[in-house]
Amino acid sequence: MKMTKAIAAALGLALTATTVLAAGVHPGKESIEKSGYKGPETCEECHPGSAKGFLDTVHWKHASKVTNVEGIDAKVEYGMKNRIYVMCNGNDIVNNLKEIPKSPVTGKSKFSGCNTCHPGNHLSDVGSTGAAAEAAVDCLVCHSTDYDFRQRKPFKNEKGEVVMGQDRSTKAALAIGKPTVKNCMVCHEAAGGGVIVKRGFSFTKDTDAHAAKGMVCVDCHKAKDHKMPTGHDPNNWANDGVFVSCADTSCHGVKPHKDADLNRHCAKIACQTCHIPRTGGAFAKDFTVWEQTPDKFYEPTTLKKEANETTPVYAWYNGTVKNTPHFIGPKGSKKDGKSKITPFKIFQGKAYYNKQTGELLSMDFAQPMSDGDTRAGVLSAAKTLGLKNPEKIAKEAVPGWQTIYFGSNHLVTKTKALYCANCHAPNGVLNFKDLGYSDKEIVKLTSPELFMEKLAQKQKEEW
Amino acid sequence: MKKAVSVMVLVAVAALTIFCFGSVASAGEEIKMVGVITKIDIAGKDAKTATATLKDNKTEQLVVITVEDDLTLDKFKDHRIVEGDEIRCKYEVIDGKNVSKLFRKTAGC
């Protein structure tokens, strides 16, 4: 009898949970309504260990060990916490969230910093650990669909410390669930200095085949224990050690097409090459010359286009990355047996280089944002990073350009995908010469002979 | 003679005015501007339309923009876009309204 009751109770609970989940409602509503939301400790009632686990992810640390990039220390963690490259030119260390010097024109200041998107409260900042850090995690900024962003603003507390506010209202907590596109885009759409600047894509039904099907970011970037799978973008180094690929068996598999000839292409051509024929976003920035904006503060001079307004460049990519002061991009070749022809968003940035060592220098944005003095920004960063003779370094710093190949992994299309003649033609989108093909191979690769009979038959069937 | 000259001057001024400002008022043409939000009017969480008043950075004129796209409306509702934000905007004049085609904050991290 006891056993029967226990089984009935278990089935009842399971049914309730299933019903709640099927209805898209996060369980625990009654408990939150009754006790209010107290931050991560409320979440921990059902998800014990989550906050501590989250502190060991890239979203909290903004860094990880990196194994596929040349010229860096395998024992050191790299990411937006400490990297120096020309999309941002600063990082969480030199551009720690702070109040910038007052504008000499208006006398006004403002808060600025690379770590404004960090999901802590800034007192517990990038990479912090311990009980205070666990309690500082802003679970709701990623998990609530009713977050009031007026609360998420930096301010100074009574000790003069800069604190990032959070919405910890019961109202926001009652709207929790799997992160929506909006939750991710709160930070990711404005990275690099504005909307559609860094990555150059928007994830809407009009711009992406996956979004058009109602998918959200975490359907592909499916996290386990908050560890987020990513692709192999040559410029996105930090990772949680898990990766996502179109060819995953739960997605498209290694033979995604009905046509065997198309599937044969998958051995040498990345899916993105045909299915992401356009890109967008910033294509050039100048950190040595900042433009005054209408509020009389300054921003780096930036040239940009909308999503789908620029064309990618194509290169062989084997997942490893060349990393020099003037170039960050894919390594690979036609002959290595591992590489695929892959599209990239090209970006070029101008910044200051160390005259003595040739290394790219970092910049603290506080001073240039206030009055446009970029060398003062270099000086401040050099001091923060403990470089020897920072005044000399800043005074002698030499402007120069760095080219970066960004991964082009969104703006997926089925209907506008490249087809045979887009590439296999004398004026095709792929530069076979640059990709290492011989003249003889190019003659063959750019002839309709490759597809004439098949496409003629298909055309006949279609009409 | 003086009258004829005056008329000609008036006509010339009128033509110049139409030439200079004609594009601003013409329907169907996309107009670009950057300005700071001085006011947002939106009627609650279920609103399907809102208006935002922008102060044009170049002309300092106030321009009332009608916003109808879900993405921007959502940003008004959860206050990701608020008064004081600088906006890059493209709009078209449709039935006398400046209807937004692109409405984005200029700032980022």
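Select A:Cys142 to start: in this predicted model, A:Cys142 counts as partly exposed, with a relative accessibility of 29%. With the residue still highlighted, look for another cysteine sulfur around it; the nearest belongs to A:Cys187 and lies 6.9 Å away, and A:Cys142 is in no disulfide. Next pick A:Cys184, whose sulfur is 3.9 Å from that of A:Cys217, the closest cysteine sulfur, which is too far for a bond, because a disulfide requires two cysteine sulfur atoms within 2.5 Å. If you extend the search over all chains, the count of disulfides comes to zero.

Keep A:Cys184 in view and widen the selection to the helix α9 of chain A, which spans 181-188. Which residues of α9(A) are buried? They are A:Val181, A:Lys182, A:Asn183, A:Cys184 and A:Met185. To see what these buried residues pack against, show α7 (139-143) and α11 (217-220) of chain A, and then add α2 (70-77) of chain B, so that the partners from both chains are on the screen together.

From here, turn to the contact between the two chains. Colour the residues that take part, and you should find 20 residues from chain A and 17 residues from chain B. The area buried between chain A and chain B is about 1500 Å², and carbon and sulfur atoms give 52% of that area. On the side of chain A, select A:Lys182, A:Val195 and A:Pro294, which supply 26% of the area that chain A buries against chain B, more than any other three residues.

A:Lys182 deserves a second look, since its name has now come up in the helix and in the contact. Add B:Asp78 to the selection: B:Asp78 forms a salt bridge with A:Lys182, and the closest N and O atoms of the pair are 2.7 Å apart. Between chain A and chain B the count is five salt bridges, while the residue pairs in polar contact, both at pLDDT 80 or more, number six. The elements that give two or more residues to the side of chain A touching chain B are α9 (181-188) and β8 (298-310) of chain A. Sorted by class, that side of chain A has eight nonpolar, five polar and seven charged residues.

Now hide chain A and follow chain B from its N terminus. How many helices and strands does chain B have? There are two helices and five strands, and from the N terminus on they run in the order α-β-β-β-α-β-β. Chain B has 109 residues, of which 36% count as buried. If you display its contacts between residues at least 6 apart in sequence, 50% of them join residues at least 24 apart.

Two loops of chain B make the last stops. In the loop between β2 (50-56) and β3 (62-67) of chain B, select B:Glu60, where phi is near 65 degrees, a positive value in a residue other than glycine. Is B:Glu60 buried or exposed? B:Glu60 is exposed, with a relative accessible area of 56%. Then move to the loop between β4 (86-94) and β5 (97-105) of chain B and select B:Asp95, which has a positive phi of about 50 degrees although it is not a glycine. At 81% relative accessibility, B:Asp95 counts as exposed.

Notes
Residues are numbered from 1 along each chain as its sequence is written. Chains are lettered from A and ligands numbered from 1 in the order in which they are written. This is a predicted model: local features need pLDDT of at least 70, side-chain atom pairs count only at pLDDT 80 or more; totals for chains, interfaces and linings use all residues. Side-chain values use heavy atoms; hydrogens and water are left out. Buried means under 20% relative accessible area, exposed over 50%, partly exposed in between (1.4 Å probe, protein chains only). Contact means heavy atoms within 4.5 Å. Buried area is the accessible area (1.4 Å probe) that two parts lose on being put together, summed over both. A salt bridge is a side-chain nitrogen of Lys or Arg within 4 Å of a carboxyl oxygen of Asp or Glu. A polar contact is a pair of N or O atoms within 3.5 Å; within protein, one must be able to donate a hydrogen and the other to accept it, and residues adjacent in sequence count only if both atoms are side-chain atoms. Helices (H or I, at least four residues) and strands (E, at least two) are DSSP runs, numbered from the N terminus. Ala, Val, Leu, Ile, Met, Phe, Trp, Tyr, Cys and Pro count as nonpolar, Asp, Glu, Lys and Arg as charged, and the others, Gly among them, as polar.
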